[in-house]
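Biologist: I should like to go through the assignments in this model and hear the reasoning behind each.

Modeller: Certainly; let us take them in turn.

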Amino acid sequence: MTEQSEGGTARKRSVETELVTAGRDPQRFDGFVNTPIVRGSTVLSATVADLEGHTGRYSYGRRGNPTVETLEVAMTRLEGGAGTVLTPSGLSAVSVALLAVLEAGDHLLMVDTAYQPTRRVCNEVLRRYGIETTYYDPLVAGGIEELFRPNTRAVFLESPGSQSFEIQDVPAIVEAARKRGIVTLMDNTWATPLFFRPHDFGVDISIQAGTKYVGGHSDLNLGTISANERLWRRLKLVHGDLGITVAPEDAFLAARGLRTLAVRLAHHQESALTVARWLEQRPEVKQVLHPGLPGHPGHALWARDFKGASGLFSFILQPVPKAAVDTFLDTLELFGLGYSWGGFESLAIPFDCSAYRSATTWAPGGPAIRLHIGLEDPADLLADLERGFQALAAVRDAQEPTR
C-alpha cells in the first residue's frame, strides 16, 4: 500500500484505510466525497492536435471515464498489481483474462473444481478457437509440472474450490509454472484481496466477480481483472480490442461497496464460523466444508496462506431422502434460495457437482448444501436452521421403513 510519512517514520497505510481513500479525488469534483456518475460516449478535444494526439485524459467513453477510473485505481491498489480492467460480470472477467493469454494451439490447465460456467467457457468457447483444456486435481500442488506440455500456456487456479472448498497449494503451482514460463491466473472471488492477494504469491492475473463482495449489496453485476507488470499491457490491449466496458452506474455502486468491504467481511467471517461450528455438532450433518475449521482437509494450507475466510461454505448431510432436503430448505425463512452470494443476505442452495468434475470424483456420501452467511444476527440464523432441521427430521422419520 502507499507509503506515508508520520513524524519522519515511513509506514504503509493499512488495507482498511486504502479501501476508504483509494481512487478518490474530492477536490477534482468540487469537494464531493464520491466521484460522480459520469455518463457519456463522446469526449471533446480542444484542438485538432489534441484530438489526433490523444492528449486528453479520456478519449472515448468506452475507453474509460472518471467513475470507472475511480474503481480501477482502487482495485489496483487493493490487488497490488500493475493495473485493473473492469468487465460486466465475473464470468466475462474469466473469459477476457483467458483470451488475453491464450492463442490457437495453446494448452490450458484448468482446476477441476472451478466455477461451473468457467468450464463452459473452456469446453465451448475456447475449444472452438483451437485451445485445448485439461482439468487437473486441485490438490496436485507441485506435481502439476507432470501435466505440462510443450504448448501449455496457462494454469488457472481457484482456491478454495467452487462448492467443494478444496484449498490449493498456490505457491507450489506458481513456482512450477514460472520455471516453464507458463502464465498463472486465479479466481479469487471467495477471499478477495483482503484475505488473499494472488499477486503476492506470484500469480500473474487475479480475477474477481465484483458482483459478490466488492459490490456487497446484490444490486450489480461486475468483473475485475488485475494483472502484474508481466501481463498488464497484453491484458489492457485485449480488453480494449474486445470493446469491453461497464456502465458508470455499476462502477459507482461497486466503488461505494468497496469502501465498507473490510467491516462487512469481518462480520461475514465471524458469523460464518459461528454457523459452521454449530453445524459440526449437528447429528444431521456428516461434514462441514469450511477451510477455517481445523477439521477441514485443507486447513493447514489455508492457515499458512490466507488472512481470513469469507461467508461462503458448504456442508454435507447424512443420507436422507430428497424430500427431506427440500423441506429443510423450504422451511428456512432467513436463508433465501438463490444463486450468487456476497451480499448482505444469507442464502442456501442444494448442489451436486458430480456431473461437472472430470479429474476428480465428487462422492460426499450425502446431500450437499451451500450456505452464504450474510449480515444478520447469527443467533437468528441458527434458530432458522434449527427449524429447518426439525422439519427435515419429520419428513425423514415419516419416510423411514417400519422396523
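Biologist: What makes strand 6 and strand 7 a pair?

Modeller: In this predicted model, strand 6 (residues 152–158) and strand 7 (residues 183–187) are joined by five bridges and run parallel. Pairing requires at least two bridges, so the five between these strands suffice. Within strand 7, T184 is the residue opposite V155.

Biologist: To which sheet do they belong, and in what order do its strands lie?

Modeller: The order is 3-9-8-7-6-4-5, in an open sheet of seven strands with mixed pairing.

Biologist: Why are strand 3 and strand 5 called edge strands?

Modeller: Strand 3 (83–87) and strand 5 (132–136) each pair on one side only. Between neighbouring strands of this sheet the turn is 20 degrees on average, with direction ignored.

Biologist: Which strands make up the sheet of five, and which are its edges?

Modeller: That open sheet has the order 10-11-14-13-12, and its pairing is mixed. Its edges are strand 10 (285–289) and strand 12 (335–336), each of which pairs on one side only.

Biologist: How do you know that strand 12 is paired with strand 13?

Modeller: Two bridges join strand 12 to strand 13 (residues 346–351), and the two strands run parallel. Because the requirement is at least two bridges, this pair qualifies. G336 has L347 of strand 13 as its bridge partner.

Biologist: What packs on this sheet?

Modeller: Helix 10 (residues 261–280) does, touching strand 10, strand 11 (312–317) and strand 14 (368–372). The direction of helix 10 makes about 10 degrees with that of strand 11.

Biologist: What joins strand 11 to strand 10 and to strand 14?

Modeller: Strand 10 and strand 11 are antiparallel and share four bridges, with L317 of strand 11 as the partner of V285. Strand 11 is also antiparallel to strand 14, over five bridges; there I316 is matched with A368.

Biologist: What makes strand 11 mostly covered, and which way do its residues point?

Modeller: Six of the six residues in strand 11 are buried. L312, S314 and I316 point one way, while F313, F315 and L317 point the other way. Such alternation between the two faces of the sheet is what side chains show in a regular strand.

Biologist: Why is T192 called buried?

Modeller: The relative accessibility of T192 is 0%. Buried means under 20%, so T192 counts as buried. T192 is found in helix 7 (residues 192–195). Leaving aside neighbours within four places in sequence, T192 is in contact with Q208, Y213, L261 and L265.

Biologist: How do you know that the span of helix 3 agrees with its number of residues?

Modeller: Helix 3 (residues 66–79) has 14 residues, which at 1.5 Å a residue should span 20 Å. The C-alpha atoms at its ends are 20 Å apart, so expectation and model agree.

Biologist: What makes helix 3 mostly covered?

Modeller: Eleven of the 14 residues of helix 3 are buried. Among them are P66, V68, L71, M75 and L78, as well as E72 and E79.

Biologist: Which residue caps the N-terminal end of helix 3, and what follows just after the helix?

Modeller: N65 is the cap: one of its side-chain oxygens lies 2.9 Å from the backbone nitrogen of T67. A polar contact is a pair of N or O atoms within 3.5 Å, so the 2.9 Å pair meets that distance limit. Just after helix 3, G80 takes a positive phi of about 80 degrees.

Terms used:
Residues are numbered from 1 along each chain as its sequence is written. This is a predicted model: local features need pLDDT of at least 70, side-chain atom pairs count only at pLDDT 80 or more; totals for chains, interfaces and linings use all residues. Side-chain values use heavy atoms; hydrogens and water are left out. The expected span of a helix is 1.5 Å times one less than its number of residues. Buried means under 20% relative accessible area, exposed over 50%, partly exposed in between (1.4 Å probe, protein chains only). A polar contact is a pair of N or O atoms within 3.5 Å; within protein, one must be able to donate a hydrogen and the other to accept it, and residues adjacent in sequence count only if both atoms are side-chain atoms. Contact means heavy atoms within 4.5 Å. Axes are lines fitted to C-alpha atoms, for helices over the stretch in contact, and angles run from 0 to 180 degrees between N-to-C directions.
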